[in-house]
Amino acid sequence: MTSVHPAPASGSELGRRRRRLLIAAVLTALLLTAVLVNERTRAAFTASTANPADQWAAGTVVLGDDDAGSALFSATGLLPGDTGSKCIRVSYTGSIAATVKLYGGSSTGTLGPYIDLVVQEATALGNNGTYAGGCTGFAGTQIYSGTLAGFTTAATNYATGVGAFAPAGAGEYRVYRFDYTLNAAAPSGQQGASAGATFTWESRS
């Protein structure tokens, strides 16, 4: 069998092949360079935004009054039919809306069932009356009428408290007027008897 061998490439053919290989190599190198440059370029272009200094703070519920730590009443020597009245301003300085209720703890002594008590709450800001200045010009709505013992038995905590003061924020206040009368029907057995109670205002958001 006779073998057939391809004819050796001429010098010009070899030159053309070398040129094609060189061009392919150059194009490949340029393509790789373009890819790398593109990647570097894209990595260099960045953008960001931030919302800094976020904070959270709880609101406050703060209540005070103008009695300077003194009792509303310290009446002695009462006789059946004797009366008295006193006003007190309760101010709200909290930062959030709240509702304020008035209640009392259990009364002490035996005279509580014979002390008639009426409590009124001012209808709005500006109603006159303070602890030190009295109740001149007071205008309000009745929130309790009964006996001292009845009040301290029925209104014992916030849930059972009375009143409609609902401040929206700091700067609001209400004046409360307390009127008492030693019942004319108080029996002679109550001579020298006494009664004591604490009135509490509580605010909740």
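User: In this predicted model, a disulfide is a pair of cysteine sulfur atoms within 2.5 Å. How many disulfides does the count come to by this rule?

Analyst: The model is predicted, and the rule is applied to its cysteine sulfur atoms. Cys 87 and Cys 135 have their sulfurs 2.1 Å apart, and the cut-off is 2.5 Å. By this rule the count comes to one disulfide.

User: Which parts of the chain does the pair of Cys 87 and Cys 135 tie together, and how many residues apart in sequence are they?

Analyst: Cys 87 belongs to strand β2, residues 83-92. Cys 135 sits in the loop between β5 (115-122) and β6 (140-147). The disulfide therefore ties together parts whose separation in sequence is 48 residues.

User: Is the disulfide of Cys 87 and Cys 135 right-handed or left-handed?

Analyst: The handedness follows from the torsion about the S-S bond. For Cys 87 and Cys 135 that torsion is about 125°, so the disulfide is right-handed.

User: Is Cys 135 buried or exposed?

Analyst: Buried means under 20% relative accessible area. Its partner Cys 87 has 0% and counts as buried. Cys 135 has a relative accessible area of 13%, so Cys 135 is buried.

User: Which residues lie nearest the centre of the largest pocket?

Analyst: The largest pocket holds about 720 Å³ of space, and 34 residues line it. Strands β5, β8 (172-182), β9 (195-196) and β10 (199-204) each supply at least two residues of this lining. Nearest the centre lie Phe 73, Ala 75, Leu 78, Ile 115 and Ala 195.

User: How many residues of the lining of the largest pocket are charged?

Analyst: The lining divides into nonpolar, polar and charged residues. The nonpolar ones number 22 and the polar ones 11. The charged residues come to one.

User: Which residue meets Arg 177 in a salt bridge?

Analyst: Side chains of opposite charge can pair when their charged atoms come close. The rule asks for a nitrogen of Lys or Arg within 4 Å of a carboxyl oxygen of Asp or Glu. Arg 177 is partly exposed at 23% relative accessible area, while its partner is buried at 19%. The N to O distance is 3.0 Å, and the partner is Asp 179.

User: What is the N to O distance in the salt bridge of Arg 204 and Glu 202?

Analyst: The count of salt bridges comes to two, and one of them joins the side chains of Arg 204 and Glu 202. Arg 204 is partly exposed at 42% relative accessibility, and Glu 202 is partly exposed at 21%. Their N to O distance is 2.8 Å.

Notes
Residues numbered from 1 in each chain as written. Predicted model: local features only at pLDDT ≥ 70, side-chain atom pairs only at ≥ 80, totals over all residues. Heavy atoms only, no water. Helix = DSSP H or I, 4+ residues; strand = E, 2+ residues; numbered from the N terminus. Buried < 20%, exposed > 50% of the residue type's maximum accessible area, 1.4 Å probe, protein only. 1 Å grid on protein atoms, 1.4 Å probe; cavity = no way out; pocket = protein on both sides within 12 Å on 5 of 7 lines; lining within 4 Å. Points joined across faces, edges and corners; volume = space filled by probe spheres on them. Nonpolar A, V, L, I, M, F, W, Y, C, P; charged D, E, K, R; others polar.
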